[in-house]
Amino acid sequence: MSIKEIQDDIVDEFSMFDDWMQRYEYMIDLGKSLPLIESQYKTEDNIIKGCQSKVWVHADLEDDKLVFTADSDAIITKGIIAILIRAFSNQKPKDIIEADTAFIDEIGLKEHLSPTRANGLVSMIKQIKLYAIAYQTQVG
């Protein structure tokens with residue numbers, strides 16, 4: 001599936017919920033299903049700067065696609081990074097670099113987060129795109 005198709009699926013899933021408490025619960029569930037980062041990657045180098053919670057993100061290049069793993073010490077933040085990883089993992093670096101992130105606004109995520117969490121969300125997206133830029137040079 002393309003990034004856009006996955007993002008559309010995420011928007012559809014969030015639109016099924018009537019209120020934000022249900023959406024938060026769904027995000028927490030998504031966080032529980034997150035492919036966890038190996039402990040050797042829980043380092044300062046992999047911490048997302050600008051988050052109030054600790055969030056680690058690691059990327060590996062497999063068959064010219066980036067595969068992300070992550071973890072967080074906060075359940076909501078873990079749900080946020082799970083959404084981003086679902087959208088961007090197993091995609092080509094070029095596609096990640098060019099991807100639109102408007103789906104975040106479509107599900108209303110930014111407006112329902114505290115300012116520090118919203119900043120953290122922006123930092124997570126930025127870090128994922130930086131990984132894609134770094135790995136783009138290794139792809140044919």
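The exercises below, each with a worked solution, concern salt bridges, a cavity, a surface patch, backbone angles and distances in a predicted model.

**Exercise 1. A salt bridge within one helix**

Task: State which element holds K4 and D8, and how far apart they are along it. Then decide whether each residue is buried or exposed, or in between.

Solution:
- Step 1. The side chains of K4 and D8 form a salt bridge, with an N to O distance of 2.9 Å.
- Step 2. Both residues belong to helix α1, which covers residues 3–15. They are four residues apart there, so about one helical turn separates them.
- Step 3. The range between buried and exposed runs from 20% to 50% relative accessible area. K4 has 48% and is partly exposed. D8 has 32% and is partly exposed as well.

**Exercise 2. A salt bridge between two helices**

Task: Find which helices hold R86 and E13, and give the sequence separation of the parts that this pair ties together.

Solution:
- Step 1. R86 and E13 meet through their side chains in a salt bridge of 2.6 Å, N to O.
- Step 2. R86 is in helix α3 (residues 75–88), while E13 is in helix α1, so the pair ties together parts that are 73 residues apart in sequence.
- Step 3. The two partners fall into separate accessibility classes: R86 is partly exposed at 32%, whereas E13 is buried at 18%. The value for E13 is under the 20% cut-off for a buried residue.

**Exercise 3. A network of salt bridges**

Task: Name the residues that are linked with K78 in a network of salt bridges, and say how many salt bridges the structure holds.

Solution:
- Step 1. K78 pairs with D71, and their closest N and O atoms are 3.3 Å apart.
- Step 2. K78 and D71 are both buried.
- Step 3. The network links K42, D71 and K78.
- Step 4. The structure holds six salt bridges. Among them are K4 with D8, R86 with E13 and K78 with D71.

**Exercise 4. The lining of the cavity**

Task: Describe the largest cavity by its volume, its lining residues and the character of that lining.

Solution:
- Step 1. One cavity of 30 Å³ or more is present in the structure. The volume of the largest cavity is about 40 Å³.
- Step 2. Its lining is made by C51, Q52, S53, T77, T116, R117, G120 and M124.
- Step 3. Helix α6 (residues 115–136) contributes the most to this lining, with four residues.
- Step 4. By character, the lining residues divide into two nonpolar, five polar and one charged. Cys and Met count as nonpolar, Arg as charged and Gly as polar.

**Exercise 5. A nonpolar patch**

Task: Say which residues make the nonpolar surface patch, and place I97 in its helix.

Solution:
- Step 1. I97, L130 and I133 make a nonpolar surface patch of about 240 Å².
- Step 2. I97 sits in helix α4, which spans residues 93–98.
- Step 3. With a relative accessible area of 33%, I97 is partly exposed. A patch residue needs over 30%.

**Exercise 6. Positive phi angles**

Task: Locate D64 and N90 in the fold, and state what phi each one has.

Solution:
- Step 1. Most residues other than glycine have a negative phi.
- Step 2. D64 is not a glycine, yet its phi is positive, about 65 degrees. N90 is likewise not a glycine and has a positive phi of about 65 degrees.
- Step 3. D64 is in the loop between β1 (55–62) and β2 (65–72). N90 is in the loop between α3 and α4.
- Step 4. D64 is partly exposed at 37% relative accessibility. N90 is partly exposed at 47%.

**Exercise 7. Separation in sequence and in space**

Task: For N119 with K49 and P93 with D29, set the separation along the chain beside the distance between C-alpha atoms.

Solution:
- Step 1. N119 and K49 are 70 residues apart along the chain, and their C-alpha atoms are separated by 9.7 Å.
- Step 2. P93 and D29 are 64 residues apart along the chain, and their C-alpha atoms are separated by 27 Å.
- Step 3. N119 is in helix α6 and is partly exposed at 47%. P93 is in helix α4 and is buried, with a relative accessible area of 1%.

Conventions. Residues are numbered from 1 along each chain as its sequence is written. This is a predicted model: local features need pLDDT of at least 70, side-chain atom pairs count only at pLDDT 80 or more; totals for chains, interfaces and linings use all residues. Side-chain values use heavy atoms; hydrogens and water are left out. Patches are made of residues with over 30% relative accessible area and no salt bridge: like charges are joined within 9 Å, nonpolar side chains (Val, Leu, Ile, Met, Phe, Trp, Tyr) within 5 Å. Accessible areas come from the Shrake-Rupley method with a 1.4 Å probe; for residues, only the protein chains shown count as cover. A salt bridge is a side-chain nitrogen of Lys or Arg within 4 Å of a carboxyl oxygen of Asp or Glu. Buried means under 20% relative accessible area, exposed over 50%, partly exposed in between (1.4 Å probe, protein chains only). On a 1 Å grid over the protein atoms alone, a cavity is a set of points where a 1.4 Å probe fits but cannot get out, and a pocket is an open set with protein on both sides within 12 Å along at least five of seven lines; lining residues have an atom within 4 Å of a point. Grid points are joined across faces, edges and corners, and a volume is the space filled by probe spheres set on the points.
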